[in-house]
Amino acid sequence: MMTTHIKNGLVWQRDSFCGQDLVIRDSHIIYAGPPMQPENGACVIDASGQYLLPGIIDCHAHVTMVGGSHHMATFFAENECELTLEGVINCEKMVRHGITSARDCGGKRRETFALRDFIRKGAIIGPRLLCSGTPLKVVGGHEPGFDITGPVEARRAARQFLYDGADFIKVMITGGLGKVGENPGTVEMEPDEISAIVKEAHKHGKKVACHCHSRAGMEILLDAGADSIEHATYLDPEINERIIKQGVYVVPTFTPYEIAAASQIGCGILPDAILNSRAIIEEKRRRLKEAYEQGVPIAFGRDSGGFFMDQGEFADEMLYMQNAGMPAAAIIQSATENAAKCLGIWDETGSLEAGKSADILFLTKNPLEDLTAFRNALEKVCVSGKMLP
């Protein structure tokens, strides 16, 4: 068994850094604590002056999407083989930028399952993936997704997806920014449909993530007992109390809306998407700050693959969250501990302590002082005990 002893590093401890040694055996951390003498034969790494953090966890990714002005059109035009190859490229890009775990919230069909399984086998490079397959949605609803009508079809679809290997179920509760004339706040799924999905998923120990912008949609998914709210634009103090009480995570995903809101009509992005983003972005920032201060659990996610997004870049999302009013320490916590708990992988990753997977980022600058350190000062990435070349 290979033992690696990392000395003299400044190790992340939930909201600050302190001097510690880390000892890795094969894929896991076996020691995190005060400096100690390396055992005979251990590979010793001197991390003096470096900041060591858990790998970033992205709770809302679309690893087979390609970004650009017409990302949805491209996505639907490509077949599953092409999308899988896009995913191979994107997954390696993500992990080399420091994203060591990700929850894929919707492929075209089930191509993401193949990516996940090949990463687990070590055949390709990528983050630890949790996959939903494709989201469940109503006919004509926000896309992409698998169409259901009524609770019987909803339950059947959930059962089929779980049988096929889904790690969780993704559900489209409201509209979004995908189509001409679409209203992000319109509730599309009925209460009995989402309730049937949640009941079936929970029966099998799986979580349900819900795309949802509006207050009315949040009430429905909270009544059903869903586990996370994706985007969550129209939060308010009353709904925040329910979210806190039920232990539901909010994944705000600022990046696509910030990009669209700052874009000019004619750039290629649908004018509806630009105008809708401009209409909601200030409210989204204000309400996220209010929710954070109230104590709503925030988990990090970018909605990667959307408008002009780079699949590896994640510092921008952190900066948008900071601009909305979250402090740097809370943002890092949202991308490590909170994200791991949101995904149900806290026993495996999300912190640098004995028993956890050795997913470690080495930075030469302090991200608490400048979150762009994740982009500009990333020295090394260790995934499951292996240093990426």
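**Exercise 1. Which residues of α9 are buried?**

Solution. This is a predicted model, in which local features need pLDDT of at least 70 and side-chain atom pairs count only at pLDDT 80 or more, while totals for chains, interfaces and linings use all residues. Residues are numbered from 1 along each chain as its sequence is written, and side-chain values use heavy atoms, with hydrogens and water left out.

Begin with the terms: helices (H or I, at least four residues) and strands (E, at least two) are DSSP runs, numbered from the N terminus, and buried means under 20% relative accessible area, exposed over 50%, and partly exposed in between (1.4 Å probe, protein chains only). By this rule the buried residues of α9 are Ala-273, Ile-274, Ser-277, Ile-280, Ile-281, Lys-284, Arg-285, Arg-287, Leu-288 and Ala-291. Next, ask what covers them: the cover includes β13 (228–231), α7 (237–246), α8 (255–262) and α10 (315–324), where contact means heavy atoms within 4.5 Å.

**Exercise 2. Compare the length of α9 with its expected span, and follow the helix to its end.**

Solution. The expected span is 1.5 Å times one less than the number of residues. For the 24 residues of α9 (residues 271–294) this should give 34 Å, and the end C-alpha atoms are 34 Å apart, which agrees. Along the way, α9 bends by about 40° at Ile-280, the bend being the angle between axes fitted to the seven residues ending there and the seven starting there. After the helix comes Gly-295, whose phi is positive, near 110°.

**Exercise 3. Work out the order of the strands in the sheet that contains β7, and say which strands stand at its edges.**

Solution. Two strands pair if DSSP finds at least two bridges between them. The 3 strands form an open sheet in the order β6-β7-β8, with parallel pairing. Since β6 (56–61) and β8 (128–131) each have a single partner strand, they stand at the edges, so one side of each is left without a neighbour in the sheet. Between β6 and β7 (residues 99–104) there are 4 bridges in the parallel sense, and Ile-56 stands opposite Ile-99 in β7.

**Exercise 4. Describe the surroundings of Thr-100.**

Solution. Thr-100 is found in strand β7, and Thr-100 is buried, with a relative accessible area of 1%. Leaving aside residues up to four places away in sequence, Thr-100 touches several residues, among them Gly-55, Ile-56, Pro-127, Arg-128 and Asp-359.
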